[in-house]
Amino acid sequence: YRDLHTFELQAPTRLIEWARGSRVCVAGYGQSDGNEILQLIPPPTLLTKETQGLCPERDFKVECGGFSERPVYSLKYVPDTSLLVTSGPPDSSLQVWQVSAEDSDVIKSVSPIATENGTGQSWAKIATISARAPWVLHGSRLDRVQITEIESRKNVYTAAPGGSEELSSLAFLDCNTLLLCCAAGRLCLADVRQPQSLVEAVSAPLAPCSEQWCMGTRHGAQGLEPSSQPVARLSSRGLLTLTDLRKTSEFLALAKARVPSPGSGAEFLCVSWAPALEGCLAISGFDGTVHVYDTQSWDSSGREAKPIFVHKGHAFGGAGGSGDPPLVTVHTWHLQKPRTLLSAASDGSLHVWDWVQPCGKC
Amino acid sequence: AGQDVGRSCILVSLAGKNVMLDCGMHMGYNDDRRFPDFSYITQNGRLTDFLDCVIISHFHLDHCGALPYFSEMVGYDGPIYMTHPTKAICPILLEDYRKITVDKKGETNFFTSQMIKDCMKKVVAVHLHQTVQVDEELEIKAYYAGHVLGAAMFQIKVGCESVVYTGDYNMTPDRHLGAAWIDKCRPDLLISESTYATTIRDSKRCRERDFLKKVHETVERGGKVLIPVFALGRAQELCILLETFWERMNLKAPIYFSTGLTEKANHYYKLFITWTNQKIRKTFVQRNMFEFKHIKAFDRAFADNPGPMVVFATPGMLHAGQSLQIFRKWAGNEKNMVIMPGYCVQGTVGHKILSGQRKLEMEGRQILEVKMQVEYMSFSAHADAKGIMQLIRQAEPRNVLLVHGEAKKMEFLKQKIEQEFHVSCYMPANGETTTILTNPCIPVDISLGLLKRETAIGPLPDAKKPKLMHGTLLMKDNSFRLVSPEQALKELGLAEHQLRFTCRVHVQDPRKEHETVLRVYNHLKGILKDYSVQHLPDGSITVESILIQATAHSEDQGTKVLLVSWTYQDEELGSYLTSLLKKGLPQSTP
């Protein structure tokens, strides 16, 4: 490590979202009522480019917070507004919140966005964009995907039915293109301007037993065509596929991560690309570790890949041996510092770490 | 002002008693603004009459720095309460600060050494968990607060109303102190520090690791490390940390602790070993944790010795004294390092170098070039939001009041406390008065006879539900008693009044009076089957104790007037009878 900071949140979080002004947002997902949404100001050490060893302000500060009556499973800020959207069980409706840090330190609840609740619907996955207007893309299943304009609550897009599989995540590739990832592995593309078209981009890779998948998209540097960035998919068995959306007939790369088997479920599966390192991605959700891989050496053979770094901090955290070992719930990359990541685990720990590139590579 | 700096001084009025909590000095100001404005307390300035006592929570100057000014210059002769370690260490810190302010800075409007001594004569030292009677009605009790040696949280009680003041406290133990603890005393109000409530702290392990790394690196390359400290508190913590590290890594470089103030401090820590945490007390028998193997007393000459070393020196902000002397000697060498322990007041050398200044003007217009590395660390031990919630959970107050340095927006924490504990939470600004309504319980003695009688009436009492009883409340000479009405009358020498109501009911009946009476009697007998209805020889009817008589109307023979008369106790039956009779008599009566 070059640097490691460990913090303890009052309640564990399964999301870490970046907000304007380098703020970080976390939220509780516990069963009972009284979950908190916290918008944090990171310590100055994390905001500067150079690492300072000792610094007076080494702590996160809670800038503002809100109280949610339901567990918060997903949270997304709405760009160019002071709003954020959350979702969580028991149904697929969305909660909208207003953040006004200058006036008050309470994140206020604004009226929710209701959705029609069919049977067996779980919580909605969400993505936001503010291109034509502040929009939120949401849905828990492939046939329930829609885009709602936040201010007017109008439905501006509904995806054509293409199956009733559950979704694991969705994203805006640009202001017109949507990418949907099904839990079973399928990737579908849709164009907002053509509501009837829902194209299966990549089918689910064949697998002997059912596994869950999640995806990670990369927002490349300005000017780059978003669909030129490869999409990574991670399965609950540790399989990783990289696909170029322009050439979906074949995998760019296929590899297997060394993960404990059987996986402890797909609840917290997370794969993400490094914003400032070419070809680097991180995975977590199998145990108390976060793996970092360099995909530039990968091919389509499906061989086991060796991580270039493993963060084990969360596994050692915990209150010595009481109960289950902590499970990493989410991780995210720092937007400017190339090798800094933030990760959270089920025991409430929040780690910020900066790893050293092993010798021989640059 | 910054988070570490402020002055604490809170005035509480409880059941007619006035208590002052802490008397701090603001280190950021150089004029009278550094002292609290005592004119807030009372306009006529006679503080000794107005205040019942003053309580000091711990020896940090922002909690006790203005005490000599308050007691000797403004004027207060009443009792001042603090724990034993605080009483022992306070005067040392006060004298040190006085020396620097007056001797070095040449200030005039400041308290003198004699004033400090006179002030301390008014101090009454208390033990933990000892109930101290300030006067007949006011009592106080100290609880362990962690934070620094001798820091305490105080419970102030008058009758059954109480307030708990936390001062500065810490809910997590550290290397030499335990965590704060209080019992479920259920005070009407808990006053808590909340300056660090919004921070989520970096783990101690990481801070310590970084600190040790820096020290180690410097020493390994032959450099010298200067750590200016405030003498007490964190200094001991860091000593233990370095001692353990040196032992583990088998390091040979010397560590020094500068003389004077800090030696006395170590001496006091040893004396008050019971105030430290469990682990230290346990190992004390085998080895005194404050007797260090690797840490020795410093001599001025050592600063010129070649080779690596670590020196703890006072004062903490490099504003004068030994630490500044050493700093001047070592500043020019880039292999050396100075690690500043905490907040530095503006104007001090410490503040300047932390702001990045590398050329300092010293006395005699000499310029000092600072080439040594400047680092900053903060190991402050205050409760964060989680800690505050823990304390509230332990004490179970009915109301919470949060004290904070600046007028920060703390709406979120206020809501959090209110939602979780269903209590009211207040956060007044400096100079603001908050009034909290309490529901005091007043104990009343009930006479045995009354208790027995009342519990015998009605259904069997349910243990969980309140039972309504009737009695007479006698208030005499500050005692409250509940007795039966008869006993009350007897005791007070009063006779019981009898109230009798009479009502006239007009009934149309041309017959003779005795016939009307008979009609009424038969009518009532038929209806009131469960009651005793009697026809007396003198022509009147009784229903239980109610009397009914009939007379002819003076002007109209066809109308009879029924007099219905009853006592207050039979009010209900009486009104019922009256309304019944008003409805008229049935025609067909034999």
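Which residue of chain A forms a salt bridge with B:Lys416, and how far apart are the closest N and O atoms? The partner is A:Glu36, with the closest N and O atoms 2.8 Å apart. The legends below introduce this and other close-up views of what is a predicted model.

**View 1. A salt bridge links B:Lys416 with A:Glu36.** On one side of this pair, B:Lys416 sits in helix α13 of chain B, residues 411-421, and on the other A:Glu36 sits in strand β4 of chain A, so the pair joins two chains. If you would like to look for others, a search of the whole structure gives 32 salt bridges over all chains.

**View 2. Chain A and chain B meet in an interface that buries about 2600 Å².** Here you can see 30 residues from chain A in contact with 28 residues from chain B. Carbon and sulfur atoms give 53% of the buried area. Across this interface there are also ten residue pairs in polar contact, with both residues at pLDDT 80 or more. On the side of chain A that touches chain B, three strands each supply at least two residues: β1 (3-8), β4 (35-41) and β5 (60-68). The residues of that side of chain A comprise 13 nonpolar, seven polar and ten charged ones.

**View 3. The side chains of A:Glu8 and B:Lys386 come together in a salt bridge.** From N to O, the distance is 2.7 Å. Three salt bridges are found across the interface of chain A and chain B.

**View 4. Strand β5 of chain A pairs with strand β11 of chain B.** Follow the two strands and you will find them running antiparallel, joined by two bridges. Strand β11 of chain B covers residues 199-200. A good place to start is A:Phe60, whose bridge partner in β11 of chain B is B:Ile200.

**View 5. Four strands of chain A form an open sheet.** Reading across the sheet, the order is β22-β23-β24-β26, with antiparallel pairing. At the edges lie β22 (270-273) and β26 (309-311) of chain A, each pairing on one side only. From one strand to the next, the twist averages 20°.

**View 6. Strands β24 and β26 of chain A pair in the antiparallel sense.** Three bridges connect these two strands, and β24 of chain A spans residues 290-294. To find your way in this close-up, look for A:Val292, which stands opposite A:Phe309 in β26 of chain A.

Methods
Residues numbered from 1 in each chain as written. Chains lettered and ligands numbered in written order. Predicted model: local features only at pLDDT ≥ 70, side-chain atom pairs only at ≥ 80, totals over all residues. Heavy atoms only, no water. Contact = heavy atoms within 4.5 Å. Buried area = accessible area lost by both parts, 1.4 Å probe. Salt bridge = Lys/Arg side-chain N within 4 Å of Asp/Glu carboxyl O. Polar contact = N/O pair within 3.5 Å; in protein donor to acceptor, adjacent residues only side chain to side chain. Nonpolar A, V, L, I, M, F, W, Y, C, P; charged D, E, K, R; others polar. Pairing = 2+ DSSP bridges. Axes fitted to C-alpha atoms, helices over the stretch in contact; angles between N-to-C directions.
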